[in-house]
Amino acid sequence: MDADDETSGPMIDEIYANGGGGDDGEKRSRRAIMSGDQLDIEAYAALYSGRTKIMRLLFIADKMSNAPTQLEALRMAYDEIKKGENTQLFREVVQKIDGRLGPNYGMDAAWCDAVDRRAEQKKEKLENELNAYRTNLIKESIRMGYNDFGDFYYAHGQLGEAFKNYVRTRDYCTTSKHIIHMCMSAILVSIEMGQFPHVTSYVSKAEQAPEALDAITVAKLRCAAGLANLEAKKYKLAARKFLETGPELGLHYNEVIAQQDVATYGGLCALATFDRAELKSKVIDNSNFRNFLELVPEVRELINDFYSSHYASCLEYLGNLKANLLLDIHLHDHVETLYDQIRHKALIQYTHPFVSVDLNMMANAFKTTVAGLEKELEALITDNQIQARIDSHNKILYARHADQRNATFQRVLETGREFDRDVRSMLLRSNLIKHDFNLRALRKL
C-alpha cells in the first residue's frame, strides 16, 4: 500500500490496527462481545409494557427456529395476555402453543367467556353514557366518552375502532392539552397497526401546539417520528429524530419503544447515513444521546470503532448483533440495507486517504476474500462512490485523484466571477439610491 512519502509509515501502521495484522489487531479481535449470546427473552420483554410487549414476544416466537426459546416467548405472551382483556389474541396464542406447554397453558374457555361478558356490559354502559352526553351537548363529557371508547377497543385488540374513536375526540377538544392527548393516542394505535403515515401526520399536528408540550411528550414525539422515518426507509431523518430524543424519555414510552431501542436504531441509522463530521458532532459528542448509548455498550463501541477506523472490530460487533436485531419488530426489515450501507461506507472511508491499496491486506481487514472484496469494490466504482481502478493481476486498487491544480484554478475563477457580480450589484444599488430611483407604495385613497 502506497501513499505520499511523508505519510506512508503512519498509514501502514493504521492499516495493521484496522485488522490487517499485528498484535494490536489480535487483541481487539479477542475483546468480549456480549451480544453474541442468545437473546435473553425475559430481560428483553421486561423493557416493554402493554400490547407492544405481547406483539414483540409473538414476533420472536414466529421468527425463532429454536423450539425452547420459541416456547418461552409464547409462555410469556400467554401470561401477559391473561393480565388484560384481549380474548382474540389469547385464542391465537393458545393455537400457536398447540398444547406444547402442558395443561396450564391451554385454552381457558371460562376466562374468555367471563372477559367477553364483562366487555359486553362495559360497552353497553359506555354507549349509554355517551348518548346521554351527546343529548346534553357537553363537549368535555363527549370527548371523554369517545376517549373511553377508544381505550375500551384498544384493550380488546380492535385497533381500527380504537383509532376512529380517538380521532373523533378532535371535534370536542377545547384546549391544547386535549389535542396533544388525542394525537398521542392516535400515534400509539397507528404504530400498533403499522400505519406510519398516520404517525407522521399526528406528530406534526402535536408539534403545532408547542405551548402544551412538556419534555417527556417532546421525547415521545421524536421517537414516534423516528419510527415513522425508519419504516419509510428515510434513515438519515430517522437518525436525526432519535438523536434529538431527550433523556427525559426514561421509561415513559415503554408501551412503544425502550431506551435501548433509541440507541440501537439511532446509532445504526447514523452510521449508515452520516459522514465523519456528523458522526463526531451529532453522535459521539452528543451528551444526551450518550446516555442512551451507555445502555447498549456494543452499539457505542461499534460507533467508536467505525469512527476510529477499526473496521475489523466494528464489523465483528455488527456480525454479533445481527441475529438479535433480526428479531426486532421494527428493525428486522431494515437490517440488511443498513448493514450494506455501513459496510460500503467503511470500504469508501478505508480507501480514501491512499494512492494505492493492497487488496490482500484490505481483505484481511474486512474479514473477507479478495475475490469477494473485488466484487464489492467494482460495484462501488461503477456507482461512482469510489474514484479508483483495480489491477486484478497484482491485486492492487489505484485511486484516481482529481487534478488539484486545475480544480484550484477553477475555484479561483469562480470566486472572481462571484466578486465581480457582487460589486456590480452594489454599484447598481448605490446609484439607484443616489438618484432616488426607488418605488414607493401608492397610498390608498
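**View 1. E140 is a partly exposed residue, with a relative accessible area of 33%, in a predicted model.** The side chain of E140 forms a salt bridge with that of R143, the N to O distance being 3.0 Å. R143, in contrast with a partly exposed residue, counts as buried, its relative accessibility being 7%. Both residues belong to helix α8, which runs over residues 139–155. They are three residues apart there, so about one helical turn separates E140 from R143. Side chains of opposite charge can pair when their charged atoms come close. In the whole structure, a search finds 24 salt bridges, and the E140 and R143 pair is shown here as one salt bridge.

**View 2. A salt bridge joins the side chains of E207 and R222.** The distance from N to O in this pair is 3.1 Å. The pair links distant parts of the chain, with E207 in helix α11 (residues 196–207) and R222 in helix α12 (residues 215–231). In sequence, the two residues are 15 residues apart. E207 counts as partly exposed, at 33% relative accessibility.

**View 3. R424 and D420 form a salt bridge within helix α22.** The closest N and O atoms of the two residues lie 3.1 Å apart. Helix α22 comprises residues 404–434, and the partners stand four residues apart in this helix, about one turn. R424 counts as exposed at 58% relative accessibility, while D420, at 38%, counts as partly exposed. Elsewhere, K53, E80 and K83 are joined into one network by salt bridges that share partners.

**View 4. Three strands form an open sheet with antiparallel pairing.** The order of the strands is β1-β3-β2. The edge strands, each pairing on one side only, are β1 (356–358) and β2 (388–391). From one strand to the next, the twist averages 20°. Strands of a sheet pair through backbone hydrogen bonds, either parallel or antiparallel. Strand β3, formed by residues 396–399, pairs with β2 in the antiparallel sense over four bridges. Within β3, I396 stands opposite D391. Helix α21 (residues 370–382) packs on the sheet and touches β2 and β3. The direction of α21 makes about 150° with that of β2.

**View 5. Helix α21 has its buried residues along one face.** The 13 residues of α21 should span 18 Å at 1.5 Å a residue, and this agrees with the end C-alpha atoms, which are 18 Å apart. The buried residues in α21 are V370, L373, E374, E376, L377, L380 and I381. Seen down the axis of α21, these buried residues fall within an arc of 165°, and therefore line one face of the helix. They pack against α19 (335–351), α20 (359–365), β2 and β3. The face turned away from the buried side of α21 carries the exposed residues A371, K375 and T382. Just after α21, N384 takes a positive phi of about 65°.

**View 6. D98 and S309 are two residues with a positive phi.** Most residues other than glycine have a negative phi, and most peptide bonds are trans. D98 is not a glycine, yet its phi is positive, at about 55°. This residue is placed in the loop between α6 (87–97) and α7 (109–136). D98 counts as exposed, with 59% relative accessibility. S309 is likewise not a glycine, and its positive phi is about 65°. The loop between α17 (297–307) and α18 (311–325) holds S309. At 16% relative accessibility, S309 counts as buried.

**View 7. The setting for these close-up views is a protein chain of 445 residues.** This chain has 22 helices and three strands. Of its residues, 43% count as buried. Among the contacts in the chain between residues at least 6 apart in sequence, 62% join residues at least 24 apart.

How values were computed
Residues numbered from 1 in each chain as written. Predicted model: local features only at pLDDT ≥ 70, side-chain atom pairs only at ≥ 80, totals over all residues. Heavy atoms only, no water. Salt bridge = Lys/Arg side-chain N within 4 Å of Asp/Glu carboxyl O. Buried < 20%, exposed > 50% of the residue type's maximum accessible area, 1.4 Å probe, protein only. Pairing = 2+ DSSP bridges. Axes fitted to C-alpha atoms, helices over the stretch in contact; angles between N-to-C directions. Contact = heavy atoms within 4.5 Å. Expected span 1.5 Å × (residues − 1). Arc of directions from axis to C-beta.
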